[in-house]
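User: Please go through the structure below with me, one question at a time. Keep each answer brief and show the reasoning.

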Amino acid sequence: MKRRIHKLLFFFILLTLCSFSTGLRAAAYSDEGMIRVGLSYSRGAQLSFNALAEEGYELGYFDGDTFVKVGRLSNRYVAFCRDTTLSVHGNTVSATGSGTVFKPYHLEVAYDFGGKADAEDFIDRVLEAGYEGEIFPAYLRGVWRVRIEHYSTPEYASADADRVRAFTQGADVTVVGLEEDVITVVDLNSPSLVAELAAPAGCTPAVRAAGEGNTLKNGQYYYNGAFEFTRHSSGSLNLVNTVSLADYIKGVLPYEMDGSWPLEALKAQALCARSYLLSNMGRHSGFDICSSTHCQVYYGTEKETESVRRAVEETMDEVITYEGKIIGAYFFSSSGGYTESAKNVWGGNTAPYCAAVPDPFENPDSITHFSTTVNRTQLTSLASYLGAGIGQVVDCYVSEYTEPAHNVYAVTLVGESGKTYTVKGCDNVRIKFSSYVKSPRFDILSGTPLYADDGQLPRGELAVVTEDGLDHVEDRFYVIDKNGIERLTRGDSDGTFTFVGSGFGHNVGMSQYGARGMAEQGYTYREIIHHYFTDVEIMTLDEL
Ligand SMILES: [Zn+2]
């Protein structure tokens, strides 16, 4: 019998405590399920976060993925703050600035109210009795209380207790303040304390926008879902947006691909974004994914278009898989003609499903072309910056192309004494020569540039080979183009190198301009995915 009571007690405790956040969550995700996006955390943790919601807020907390509403707040423009001394000046809440100061100690009426409305009825009666000063409801770990005034020390609060008791209709008051788990809510339109909120143990205080279809604004962006306020180890607040997976993808998509692009291209991008999210869960602790380029850029609802909505909803729960696992679905802007294998770009055995594939779909008008001419002095500075140790550079050439894509795998710099320095790996080359190239798809033309009357000719698009070389070409060679006949003249012959090529980005996975081209030519998002990713399957999350 005794054991049984213990068991019941154990279950009761389990029911009372909220389950501990992300660690215990089921592994299964869906578009309708919730994910947590870190908006401002760690070094971005703050004393307070401003928020705007058209019809006010639902106050509450998260018990696992469930939002438990405890009351409604009608104030629209507020700051959610740490429970400490707060100076409010215009839109700014600071610890020590000028403005209206709210001190952290209060007197609390020792009575459990049935809800926020009961607490507010009590507040009305206190005000009717002639009380003038700060008085506000507070939800504290399961009960609604009323708190009065603000003091800089517990002693000042205590000294004022008798004066306040005269208004509290027989209820006692006790001194409270500076609580680690309390969120203080300040109205920013007319600075005043409007509520305090502390979640039950193991749960996180949170708010949602009240009213159908309303969003929460923080900074310049609007968000669906809820704001959760977790704690940084310093005690400052982290801001986490808890949002449905579908709404999250809608807030990512238009920052990766223009929301006005063809629907099938957006759908392919939606699969990449969903797959990327789910294959990158757990890079952070306290939330699932961050909103910066470290994970995937996400700025809420602002750029959502009808096409973006459709792209997400018509691909509900769909992800790209390889050998039964969700892939890190890489993508980039433009290949310039041929994508590259992840192996050649990043080395190792990463992403075998990203093989090099021909990319004839990019609209020629939208392909990025680049051409940069540099001299030996510039290459010498670069070599020195790269720590090549080869002295003055006298030559620079592509020493290895990939097969079959013919992207650049290695570039060699040659020093005066014949010493060489070779940069290997497509991404290494692209990054180390990033002042000259935008993709690993280029050639290096060395020698003497030829100029037409109105400027240097684009290298790589014109080649003249004669038995005599190019020594006597000036004043004797002409080109005919749409502008008429132009005479060629020789440029400075001190040894220049022209990096000429096309494409933009690392060239691994899906080319976004290619996806756009395929969509414009009538291909479906499934055909787009299967073109750029090799041996993959499109599956829904419940099939996994
Ligand atoms: Zn991140």
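Analyst: A term is needed before the helix pairs: angles under 35 degrees count as roughly parallel, over 145 as roughly antiparallel, 65 to 115 as roughly perpendicular and the rest as oblique. The model discussed here is predicted.

User: How are α11 and α12 oriented to each other?
Analyst: The axes of α11 (512-520) and α12 (525-532) come within 10 Å and cross at roughly 140°. That angle falls in none of the parallel, antiparallel or perpendicular ranges. The two helices are therefore oblique to each other.

User: What is the handedness of that crossing of α11 and α12, and which residues of α12 make the contact?
Analyst: The crossing of α11 and α12 is right-handed. On the α11 side the contact is made by Gly514, Ala515, Met518 and Ala519. By class, this contact has five nonpolar, two polar and one charged residues. The residues from α12 are Glu527, Ile528, His531 and Tyr532.

User: Where around the axis of α12 do its buried residues lie?
Analyst: The buried residues of α12 are Tyr525, Ile528, Ile529, His531 and Tyr532. They cover an arc of only 160° around the axis. An α-helix has 3.6 residues a turn, so residues three or four places apart point the same way. The buried residues of α12 are therefore on the same side of the helix.

User: Which elements are included in what covers the buried residues of α12?
Analyst: Two helices belong to the cover, α6 (263-279) and α11. Strands also take part. They include β21 (318-322), β35 (510-511) and β36 (537-540).

User: How are α6 and α11 oriented to each other?
Analyst: Two packed helices are described by the angle between their axes and the distance between the axes. For α6 and α11 the angle is about 140° and the axes are 7 Å apart. That makes α6 oblique to α11.

User: What is the handedness of the α6 and α11 crossing, and how many charged residues does the contact have?
Analyst: The crossing of α6 and α11 is right-handed. Glu264, Ala265, Ala268 and Gln269 in α6 meet Ala515, Arg516 and Ala519 in α11. By class, the contact has four nonpolar residues and one polar residue, and the number of charged residues is two.

User: Which residues of α7 are buried, and what does their cover include?
Analyst: Helix α7 (residues 306-313) has Ser307, Val308, Ala311 and Val312 as its buried residues. Seen down the axis, they fall within an arc of 130°, so they line one face of the helix. What covers them includes α5 (245-256) and α6.

User: Is threonine 321 buried or exposed?
Analyst: Threonine 321 is found in strand β21. Leaving out residues up to four places away in sequence, it touches Ile326, Ile327, Val536, Glu537 and Met539. It has 20 C-beta neighbours inside 10 Å, and 20 or more is the cut-off. Threonine 321 therefore counts as buried.

User: How many residues apart in sequence are threonine 321 and threonine 540?
Analyst: In space, C-alpha to C-alpha, threonine 321 and threonine 540 are 9.6 Å apart. In sequence, their separation is 219 residues.

User: Is aspartate 535 buried or exposed?
Analyst: Aspartate 535 lies in the loop between α12 and β36. Its phi is near 55°, a positive value in a residue other than glycine. With 10 other C-beta atoms within 10 Å, and 12 or fewer as the cut-off, aspartate 535 is therefore exposed.

User: Is alanine 351 buried or exposed?
Analyst: Alanine 351 has a positive phi of about 45° although it is not a glycine. It lies in the loop between α8 (342-346) and β24 (369-375). With 21 C-beta neighbours inside 10 Å, alanine 351 counts as buried.

User: Where is proline 404, which follows a cis peptide bond?
Analyst: The bond from glutamate 403 to proline 404 is cis, with omega near 0°. Proline 404 is in the loop between β25 (393-401) and β26 (408-415).

User: What percentage of the residues in the protein is buried?
Analyst: The protein has twelve helices and 36 strands. Of its 544 residues, the buried portion is 41%.

Key
Residues are numbered from 1 along each chain as its sequence is written. This is a predicted model: local features need pLDDT of at least 70, side-chain atom pairs count only at pLDDT 80 or more; totals for chains, interfaces and linings use all residues. Helices (H or I, at least four residues) and strands (E, at least two) are DSSP runs, numbered from the N terminus. The arc is that of the directions from the helix axis to the C-beta atoms. Two residues are in contact if their C-beta atoms, placed from the backbone, lie within 7 Å. Axes are lines fitted to C-alpha atoms, for helices over the stretch in contact, and angles run from 0 to 180 degrees between N-to-C directions. A crossing is left-handed if the near helix is turned anticlockwise from the far one by less than a right angle, and right-handed if clockwise. Ala, Val, Leu, Ile, Met, Phe, Trp, Tyr, Cys and Pro count as nonpolar, Asp, Glu, Lys and Arg as charged, and the others, Gly among them, as polar.
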